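Student: I'd like to understand how the descriptions of this model are justified. Could we go through them together?

Tutor: Happily, let's take a look.

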Amino acid sequence: MSPRVGQPAPEFDARSDDGRPIRLADLRGRWVVLYFYPRANTPGCSIEAQRFEAALPEFERLGATVIGVSTDTEARQANFRDFCGLSFPLIPDGDRTLSRTYGVMGGLGGLLGIAARQTFLIDPTGKVAHHWSSVNPQTHAAEVLRWLQGQAVRA
């Protein structure tokens, strides 16, 4: 089951495809866009990743870190990073631990062993601020950015 809005986001301690350690606890004080996608190097996933990359300066201006997660291998994630020209971290979740923790296993009810396309926005205190369970890869980065900009206006 996915964590609910207002609940603490499940902690994780992972390595990105390029070997960087990524711990949710280390990101306290920042917004975290934790987005899950089914398969690296596919058209929808590539478009979504490139849209996040294009908007990265605005996410950073708003104090947000973008992290992509899929059940792909480290090598496939690294190839995806190079192919799409990405600078934000990608977490290879080959053992599906993070995907299961966040309740996003998809593809025929989880039988295909891939993550569903979902995003969690985690606030600077470590709580889930918003959860997108249905995502359009063409427009999703802009949608998350608009939501985050709305939070900045309220602050």
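Student: Where in the protein chain is confidence lowest, and where is it highest?

Tutor: This is a predicted model, and its mean confidence is lowest in strand β6 (residues 105-106), at 84. Strand β3 (residues 31-36) has the highest mean, at 98.

Student: And what is the mean pLDDT of the protein chain?

Tutor: The mean is 92. On a scale from 0 to 100, 94% of the residues reach 70 or more. A word of care: where pLDDT is low, the predicted coordinates should not be read in detail.

Student: What makes up the secondary structure of the protein chain?

Tutor: You'll find four helices and nine strands. Going along the sequence, their pattern reads β-β-β-α-β-α-β-α-β-β-β-β-α.

Student: Why is the protein chain called as compact as a globular protein of that length?

Tutor: Set the value against the rule: the globule rule gives 15 Å for 155 residues, and the radius of gyration is 14 Å, which is close, so the description fits. The C-alpha trace spans about 40 × 30 × 30 Å along its principal axes.

Student: How many of the residues count as buried?

Tutor: The cut-off is under 20% relative accessible area, and 50% of the 155 residues count as buried. As for the surface, the protein chain exposes about 7200 Å², with carbon and sulfur atoms supplying 53% of that area.

Student: What share of the contacts links residues 24 or more positions apart?

Tutor: Among contacts with a separation of 6 or more, such pairs account for 65%.

Definitions and conventions. Residues are numbered from 1 along each chain as its sequence is written. This is a predicted model: local features need pLDDT of at least 70, side-chain atom pairs count only at pLDDT 80 or more; totals for chains, interfaces and linings use all residues. Side-chain values use heavy atoms; hydrogens and water are left out. Helices (H or I, at least four residues) and strands (E, at least two) are DSSP runs, numbered from the N terminus. The radius of gyration is taken over C-alpha atoms; the globule rule is 2.2 Å times the number of residues to the power 0.38. Buried means under 20% relative accessible area, exposed over 50%, partly exposed in between (1.4 Å probe, protein chains only). Contact means heavy atoms within 4.5 Å. Accessible areas come from the Shrake-Rupley method with a 1.4 Å probe; for residues, only the protein chains shown count as cover. pLDDT is the predictor's confidence in each residue, from 0 to 100.
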